[in-house]
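Dear colleague,

Please find below the structure that I am handing over to you. An account of what was found in it follows.

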Amino acid sequence: MAQGRGSVVALGLALLCLLIHSEVAEAATYVVGGNSGWTFNVAGWPRGKSFRAGDVLVFNYNPSVHNVVAVSAAGYNSCSAPRGSRVYTSGKDRITLARGANYFICSFAGHCQSGMKIAVTAA
(Lines give C-alpha, C1' and ligand atoms only; values in the text may rest on other atoms or scores of the structure.)
Protein backbone atom coordinates (compact mmCIF):
# COMPACT_ATOMS: atom_id res chain seq x y z
CA MET A 1 0.00 0.00 0.00
CA ALA A 2 2.83 2.44 0.82
CA GLN A 3 4.34 1.84 -2.61
CA GLY A 4 0.98 2.73 -4.22
CA ARG A 5 0.85 6.07 -2.37
CA GLY A 6 4.40 6.83 -3.49
CA SER A 7 3.41 6.25 -7.10
CA VAL A 8 0.42 8.56 -6.75
CA VAL A 9 2.59 11.28 -5.18
CA ALA A 10 5.20 10.91 -7.94
CA LEU A 11 2.50 11.10 -10.61
CA GLY A 12 1.01 14.18 -8.92
CA LEU A 13 4.41 15.91 -8.84
CA ALA A 14 5.02 15.05 -12.49
CA LEU A 15 1.65 16.54 -13.47
CA LEU A 16 2.33 19.67 -11.42
CA CYS A 17 5.69 20.15 -13.14
CA LEU A 18 4.03 19.69 -16.53
CA LEU A 19 1.37 22.29 -15.72
CA ILE A 20 3.94 24.81 -14.51
CA HIS A 21 6.08 24.24 -17.59
CA SER A 22 3.13 24.60 -19.98
CA GLU A 23 2.08 27.90 -18.36
CA VAL A 24 5.58 29.33 -18.83
CA ALA A 25 5.82 27.97 -22.37
CA GLU A 26 2.65 29.81 -23.38
CA ALA A 27 3.95 33.30 -22.49
CA ALA A 28 4.36 35.48 -25.55
CA THR A 29 6.85 38.28 -26.17
CA TYR A 30 5.76 41.49 -27.86
CA VAL A 31 7.99 44.32 -29.11
CA VAL A 32 6.14 47.52 -28.24
CA GLY A 33 5.66 49.62 -31.37
CA GLY A 34 6.91 46.83 -33.65
CA ASN A 35 9.85 47.83 -35.82
CA SER A 36 9.50 51.50 -34.79
CA GLY A 37 9.94 50.64 -31.11
CA TRP A 38 8.87 52.72 -28.13
CA THR A 39 8.28 56.12 -29.71
CA PHE A 40 5.68 58.84 -30.25
CA ASN A 41 2.11 57.95 -31.27
CA VAL A 42 2.41 54.36 -30.03
CA ALA A 43 -0.72 54.55 -27.83
CA GLY A 44 -2.78 52.55 -30.36
CA TRP A 45 -0.23 49.74 -30.70
CA PRO A 46 -2.02 47.32 -28.28
CA ARG A 47 -5.30 47.43 -30.29
CA GLY A 48 -6.24 44.06 -31.75
CA LYS A 49 -3.74 42.12 -29.64
CA SER A 50 -4.65 39.63 -26.89
CA PHE A 51 -2.36 39.76 -23.89
CA ARG A 52 -2.09 37.31 -21.00
CA ALA A 53 -0.56 37.64 -17.58
CA GLY A 54 3.06 36.52 -17.89
CA ASP A 55 3.50 37.85 -21.44
CA VAL A 56 6.57 40.04 -21.88
CA LEU A 57 6.64 43.51 -23.41
CA VAL A 58 9.97 44.59 -24.89
CA PHE A 59 10.54 48.34 -25.01
CA ASN A 60 13.30 49.31 -27.48
CA TYR A 61 14.31 52.99 -27.43
CA ASN A 62 17.20 55.44 -27.12
CA PRO A 63 17.68 55.85 -23.34
CA SER A 64 19.21 59.30 -23.70
CA VAL A 65 15.87 60.69 -24.92
CA HIS A 66 13.20 58.28 -23.56
CA ASN A 67 12.33 56.01 -20.65
CA VAL A 68 9.50 53.71 -19.60
CA VAL A 69 7.54 54.28 -16.41
CA ALA A 70 4.98 51.83 -15.02
CA VAL A 71 2.10 53.93 -13.70
CA SER A 72 -1.46 53.63 -12.44
CA ALA A 73 -4.54 54.54 -14.49
CA ALA A 74 -4.41 58.02 -12.96
CA GLY A 75 -0.76 58.43 -13.97
CA TYR A 76 -1.58 57.22 -17.47
CA ASN A 77 -4.53 59.61 -17.87
CA SER A 78 -2.66 62.61 -16.46
CA CYS A 79 0.69 61.74 -18.08
CA SER A 80 2.43 61.93 -14.73
CA ALA A 81 4.73 59.56 -12.88
CA PRO A 82 3.87 59.60 -9.19
CA ARG A 83 6.69 59.38 -6.65
CA GLY A 84 7.77 55.77 -6.26
CA SER A 85 6.83 54.71 -9.81
CA ARG A 86 9.05 52.05 -11.38
CA VAL A 87 11.27 53.74 -14.00
CA TYR A 88 13.08 51.71 -16.69
CA THR A 89 16.05 53.26 -18.50
CA SER A 90 18.01 50.50 -20.26
CA GLY A 91 16.66 51.12 -23.77
CA LYS A 92 15.91 47.39 -24.04
CA ASP A 93 13.51 46.86 -21.16
CA ARG A 94 11.62 43.58 -20.74
CA ILE A 95 8.53 43.89 -18.57
CA THR A 96 6.30 40.97 -17.60
CA LEU A 97 2.60 41.78 -17.63
CA ALA A 98 0.50 41.33 -14.51
CA ARG A 99 -3.12 40.19 -14.77
CA GLY A 100 -5.42 43.17 -15.34
CA ALA A 101 -4.58 46.67 -16.49
CA ASN A 102 -0.91 47.62 -17.08
CA TYR A 103 -0.03 51.24 -17.89
CA PHE A 104 3.25 52.64 -19.22
CA ILE A 105 4.35 56.16 -20.15
CA CYS A 106 7.50 58.02 -21.13
CA SER A 107 8.09 60.66 -18.45
CA PHE A 108 10.30 62.95 -20.56
CA ALA A 109 8.61 66.36 -20.95
CA GLY A 110 5.83 66.29 -23.53
CA HIS A 111 6.42 62.71 -24.67
CA CYS A 112 3.39 61.09 -23.00
CA GLN A 113 1.19 63.94 -24.25
CA SER A 114 2.47 63.13 -27.76
CA GLY A 115 1.15 59.57 -27.50
CA MET A 116 4.16 57.87 -25.93
CA LYS A 117 2.04 55.78 -23.61
CA ILE A 118 0.26 52.44 -23.73
CA ALA A 119 -2.46 50.72 -21.73
CA VAL A 120 -2.42 46.92 -21.91
CA THR A 121 -4.97 44.61 -20.30
CA ALA A 122 -3.77 41.08 -19.64
CA ALA A 123 -6.24 38.26 -19.07
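**Cysteines and strands**

C106 counts as buried, with a relative accessibility of 1%. The model is a predicted one, and every value in this message was computed from it.

Let me stay with C106 for a moment. Why does C106 not form a bond with the closest cysteine sulfur? That sulfur belongs to C112 and lies 8.2 Å from the sulfur of C106, which is too far for a bond; a disulfide requires the two sulfur atoms to be within 2.5 Å.

C112 does have a partner elsewhere. By the distance rule, the count for the structure comes to one disulfide, and it is formed by C79 and C112, whose sulfur atoms are 2.1 Å apart. The pair links distant parts of the chain, 33 residues apart: C79 sits in the loop between α2 (73-78) and β4, while C112 sits in the loop between β6 and β7. The link of C79 and C112 is left-handed, with -70° about the S-S bond. Both ends of this link fall under the 20% limit for a buried residue: C79 has a relative accessible area of 18% and is buried, and C112 is buried at 2% relative accessibility.

The strands named above lead to the first topic beyond the cysteines, the sheets. One open sheet consists of four strands in the order β4-β3-β6-β7, and its pairing is antiparallel. At its edges stand β4 (86-88) and β7 (117-122); each has a single partner strand, so one side of each is left without a neighbour in the sheet. On average, neighbouring strands of this sheet are turned by 25° against each other, direction ignored. Within the sheet, β6 (residues 100-105) pairs with β7 over six bridges in the antiparallel sense. I105 has K117 of β7 as its bridge partner.

Another open sheet has three strands, in the order β1-β2-β5, with mixed pairing. Here β1 (29-31) and β5 (92-96) are the edge strands, and since each has a single partner strand, one side of each is left without a neighbour in the sheet. From one strand to the next, the twist averages 20°. β1 and β2 (residues 56-60) run parallel and are joined by three bridges. The bridge partner of Y30 in β2 is L57.

As you begin to view the model, the link of C79 and C112 may serve as a starting point, with C79 in the loop before β4 and C112 in the loop between β6 and β7.

With kind regards

How values were computed
Residues numbered from 1 in each chain as written. Predicted model: local features only at pLDDT ≥ 70, side-chain atom pairs only at ≥ 80, totals over all residues. Heavy atoms only, no water. Pairing = 2+ DSSP bridges. Helix = DSSP H or I, 4+ residues; strand = E, 2+ residues; numbered from the N terminus. Axes fitted to C-alpha atoms, helices over the stretch in contact; angles between N-to-C directions. Buried < 20%, exposed > 50% of the residue type's maximum accessible area, 1.4 Å probe, protein only.
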